[in-house]
Amino acid sequence: MLNPMSVMVLLDAEFRRLVLWVPVLLALGALAYFLWPYEPGLLGGVGVPAGVVGLCLGACFYWRQSLVARLAGGAGMALAVGFGAAWCAAHRQPPMPELPRRGTEISGIVRDVAFFPASTGQGEPVRRVTLAQVVLHDFVDDGMAPLRRTLAIRLVQHDSALLAPGDGVRVRTMLQPPPFPALPGGRDRQFEAWFSGQAGSGYALEPVQVEPGVQGRVSGFWQGVATVRGRVNARVRAVLPGPSGAVVATLLDGRAEAVPQDVREDFAASGLAHLLAVAGLHLGLVMGAAMLVCRMALAAWEYAALRWPCKALSAFVAWGVGGGYVLLTGAHLPAVRSWLMASVVVLGLMVGRRAVSMRGLALAATLMLLVAPQVVLDVAFQMSMAAVMALVAGYELLQPRLTRRLSGLTGARHGLARHGVMLVLTSLLAGTATLPVVMAHFGVVQPFFVLANLLAVPLMGVWIMPLGLAALVAMPLHAEAPFLYLMDAGVRVVLWLARSVAAWPGARMEVPAMPGWGLAGVLLGLCWLCLWRGRLRWWGMPVVLCATLSPWLVSRPDLLISPDGQLMGVRDHAAILVMGHARDERAIKAAWAQALAMPVTGFSTTAEQAAETPDGSLICGEGDAGGTCTLLRNKHEVVLRVHDPSDGRSLLPPDLCAQADLVVSVAPLRESCPDVAVRLDRFSAWREGAQAVFLASGVRVVSDRQTRGERLWVLKPGGHGMPTLPLAQAE
């Protein structure tokens, strides 16, 4: 049992590392804002945090001789700053506009052009354009100002119009807002769209028309970057048109949309999915190759080798090359985070300090959380920070022991053994640290990730990425083809490796959805393991283990209802039995299957033929009421009305409602089953979004609206946003 004196001794011993907890507390403050049940006003979002910061500063100054007071004050300030930064970041975003639900002609400026594989897996890729400054040309929005958010439009497959960033276009489309989560606690695309500046998506109803003379209304710098990215993609696709060419293009310009779905699944099952997401690994390989070439060139120049700080200059050149690579690949948050970390490393090399340290990682994380606090909920940020934190802490702890163990080897044996051990250790540390995060966001475990990475990562480092960098340098001279062919040979080996490992039994193990408190426990426990030193750090191990097991410690829903109320899924022993039809049926089924780690199968609900499960818990098509099913579970009876051509005007039989504890209908229930305690229909789904029903002890309904609350990014019922025209003045 720790007494106050021993706690003070521990804190004093860890005094120099306490600053590492600043980004953790900033993240907790931002997380508190995002999980708040309602939207705080100006007073709650800025006034209260500012008051807390002032009180904590005063406490630190008044009790400046007390370590506990200073720590408590500093922690309070970090939490308040994180909360306030998240509030400001959310309120800086423009409102989500109201999009028409009918065919509408729009015009806008092309910001980006991306390619997707055809839905059938064959034929020409489908283009998707991102439009900025969009204007809706219909009678409702006549005279509107251009939208402050972007729209992603999928073009007609055989549309041959030549498009480039900055072009003005006009096209007739069907638009839709960001979808609601498929189940409570599921992926929140509305949150992602709010902070990414998107208004929604859609598909073209006819070929696009390029408007001549409408250009130059997009930022010149970003238009130039987008143009360069498009040209790099076109050059790669012209030389390497197959799946391996799509992977090569992803590594060079950051566009992973064109990678076929089967290739994505192989990479995910083999634990190599991180190779398709341009982040720290790719940036490190590019900067390492650039630094090596620059240092060798300076070493070959006698004047520079004797008079210039070649190591610092090479690091600075590599930093610039890395920044260019980040821009070329789209400046995504993981790559930006890695480049910020690399900036700290370069600064350390130039001033003679240790390059890679936990303080550098903490500084990079702090900058990102202050500029974009929403990254605290981003899977890429969580994975990259967990991996780098585990690597730094692991090498701090294990490198001295490994050095002593390998000290007896000399020559080539020492070099081979050292690099082999470091490669295995790196894969183990990074893979183990990110494994719970992958479980939480993707619902899978890849037990063979270490074996796959042992071969793929060195090949990326010594062959694929250096040749890719050479291809980029040679592109202005139109001499990139030889480098691309050699790069493609290495990528084909990685594709074969991913396909082979994915075919092994048990290569991809599906796990149920991890609750939010489980993921938070994993990340906080990992922070405790990595940021403390000595025996105190091991207190985080049981937290990480218990949180990792949380998917099997919580109850799973017995019934799922889609956001539009048209799709129902009953959890059976071995599958999810889905009834009904919905517009986004495919995406909803995939989300349900991932959340419950169970396959999805259809279940017959026709009135002409009765159907039931082997155990008799679900019976459909019996009785006088057509299109209805009865679910019996845990001494509860649930009536499911899956088909209702009368739109609720045909009442359910009273005998069917007599013993029911819950009634669910795809149509309005109206006067049906008025005495049933819990009634869910299309109107309740319209108000509350997706719903999950638990029947373990009583009937408990959890809705998406209840989970997310009334927030800025949560669209109104029906997916409605802010009108594009100003509202009339109130009298």
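The legends below describe three close-up views of a predicted model.

**View 1. Helix α3 and its buried residues****.** Helix α3, which runs over residues 42-62 and has 21 residues, reaches 29 Å from its first C-alpha to its last, a span close to the 30 Å expected at 1.5 Å a residue. Along this helix, Gly-45, Pro-49, Val-53, Cys-56 and Cys-60 are buried, and what covers the buried residues of α3 includes helix α4, residues 67-91.

**View 2. A nonpolar surface patch that includes Tyr-303****.** Trp-301, Tyr-303, Trp-308 and Leu-313 make a nonpolar patch of about 400 Å² on the surface of the predicted model. Of these residues, Tyr-303 has its place in helix α10, which comprises residues 302-307. Tyr-303 has a relative accessible area of 42% and is therefore classed as partly exposed, since that class lies between the 20% limit for buried residues and the 50% limit for exposed ones.

**View 3. Thr-329 in the loop between α11 and α12****.** Thr-329 is found in the loop that lies between helix α11, residues 310-328, and helix α12, residues 333-351. With a relative accessible area of 1%, Thr-329 is buried, because buried residues are those under 20%. A polar atom of the Thr-329 side chain lies 3.2 Å from the backbone oxygen of Val-326. When residues up to four places away in sequence are not counted, Thr-329 touches Arg-229, Leu-251, Leu-252, Asp-253, Gly-254 and Val-278.

Notes. Residues are numbered from 1 along each chain as its sequence is written. This is a predicted model: local features need pLDDT of at least 70, side-chain atom pairs count only at pLDDT 80 or more; totals for chains, interfaces and linings use all residues. Side-chain values use heavy atoms; hydrogens and water are left out. Helices (H or I, at least four residues) and strands (E, at least two) are DSSP runs, numbered from the N terminus. The expected span of a helix is 1.5 Å times one less than its number of residues. Buried means under 20% relative accessible area, exposed over 50%, partly exposed in between (1.4 Å probe, protein chains only). Contact means heavy atoms within 4.5 Å. Patches are made of residues with over 30% relative accessible area and no salt bridge: like charges are joined within 9 Å, nonpolar side chains (Val, Leu, Ile, Met, Phe, Trp, Tyr) within 5 Å. Accessible areas come from the Shrake-Rupley method with a 1.4 Å probe; for residues, only the protein chains shown count as cover. A salt bridge is a side-chain nitrogen of Lys or Arg within 4 Å of a carboxyl oxygen of Asp or Glu. A polar contact is a pair of N or O atoms within 3.5 Å; within protein, one must be able to donate a hydrogen and the other to accept it, and residues adjacent in sequence count only if both atoms are side-chain atoms.
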